[in-house]
Amino acid sequence: MPELPEVETVRRGLEPAMEGQRFAKVEVRRGDLRWPLPKDFARRLTGNTVTGIGRRAKYLLADLSSGDVLLMHLGMSGSFHVFREKDRQLGRYHHQREKHVAHDHIVFHMSSGATVTFNDPRRFGSIKLVPRAKLDDEPLLKRLGPEPLGNAFDAAMLARACRGKKTSLKAALLDQRIVAGLGNIYVCEALYRARLSPKRMASTIADRKAEPNERAGRLNEAIENGGSSLRDHRRTDGDLGMFQHNFRVYDCEGEPCRTPGCGGTVKRIVQNGRSTFYCPACQK
């Protein structure tokens with residue numbers, strides 16, 4: 001499942017191709033993604049201009065001149081590809097079109113001449129049209145917690161959200177109601193940076209008054225540091241969703257811990273059906 005860094009990179013890749021551009025034509029080659037598209041989907045888009053492209057957690061949001069918002073989720077295998085003249089994909093991640101066209105379910109022809117294709121072999125992705133005025137009541141968005149890079153996110157917020165929770169710290173961080181957009185990789189890396197065990201009870205980062213302790217401060221800093229790589233990341237045109245992680249612990253089972261002087265070995269365990277990678281020597 002793409003996580004916040006990948007989705008943000010996709011947003012940045014779509015922005016120059018779609019923002020300020022009009023939908024000249026919309027092809028719906030398959031209308032049953034995770035949920036059926038509206039029957040008048042193509043008509044409601046055609047002729048409208050994309051006034052802005054944003055992100056909320058793992059969702060992409062394209063504001064339209066009609067007052068609607070195109071709400072998009074990549075699911076497990078969804079991806080966007082931007083092409084220019086002569087069917088040439090931008091960037092160095094070029095794919096032979098004949099190998100992918102069977103899963104090109106929606107094609108946006110923009111007024112600039114760019115073609116933006118949504119490809120999803122497993123069809124777990126979704127695209128909805130939601131009136132901007134009703135976006136706050138959209139079921140997919142209304143229960144999401146604060147953004148990890150937003151102004152509302154800090155150690156105090158983390159402590160309040162985790163107070164009294166009897167679940168593991170990792171499970172709490174994966175709960176989209178606590179922090180929006182964090183996924184398995186991001187959480188493993190953040191816990192490693194904070195030197196906190198993924199098996200630790202979530203409630204241990206707060207005191208009895210729900211005030212943040214030193215652990216909450218370390219975790220908040222680790223999450224922010226992980227997200228800061230987004231600001232430093234320089235996208236090559238066409239590198240949609242190919243955010244390059246520098247994993248310190250994720251998928252590093254059996255490797256020496258990278259913490260100077262630790263001497264531990266990265267271990268893999270399973271929590272709630274998901275792989276967790278951590279160093280039992282320095283993550284307590």
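How many residues does the largest nonpolar core have, and which of them have the most contacts inside it? This is a predicted model, and I will start with that core. It has 28 residues, and M18, F23, F41, L70, F80 and F108 are those with the most contacts inside it. Helix 1, residues 4–18, gives the most to this core, with five residues.

Take F108. Leaving aside its neighbours within four places in sequence, F108 is in contact with M18, F23, F41, L70 and F80, among others. Its contacts also include K25, V26 and L45, along with A114, T115 and V116. There is also a second core, separate from the one F108 belongs to. That second core has 23 residues, including M157, V179, A202 and A216.

Next, the cysteines. How many disulfides does the structure hold? Zero. For C262, the closest cysteine sulfur is in C279, and the distance is 3.7 Å. A disulfide needs the two sulfurs within 2.5 Å, so this pair is too far apart for a bond. As for burial, C262 has 23% relative accessibility and therefore counts as partly exposed. C188, at 1% relative accessibility, counts as buried, because buried means under 20%.

Last, a hairpin. Strand 2, residues 50–56, and strand 3, residues 59–64, run antiparallel and are joined by six bridges. Within that pairing, R55 stands opposite L60 of strand 3. Two residues lie between the strands of this hairpin, and A57 takes a positive phi near 55°.

To go back to the opening question: 28 residues in the largest nonpolar core, with F108 among those that have the most contacts inside it.

Key:
Residues are numbered from 1 along each chain as its sequence is written. This is a predicted model: local features need pLDDT of at least 70, side-chain atom pairs count only at pLDDT 80 or more; totals for chains, interfaces and linings use all residues. Side-chain values use heavy atoms; hydrogens and water are left out. A nonpolar core is a set of buried Ala, Val, Leu, Ile, Met, Phe, Trp, Tyr and Cys residues joined through side-chain atoms within 4.5 Å. Buried means under 20% relative accessible area, exposed over 50%, partly exposed in between (1.4 Å probe, protein chains only). Helices (H or I, at least four residues) and strands (E, at least two) are DSSP runs, numbered from the N terminus. Contact means heavy atoms within 4.5 Å. Two strands pair if DSSP finds at least two bridges between them.
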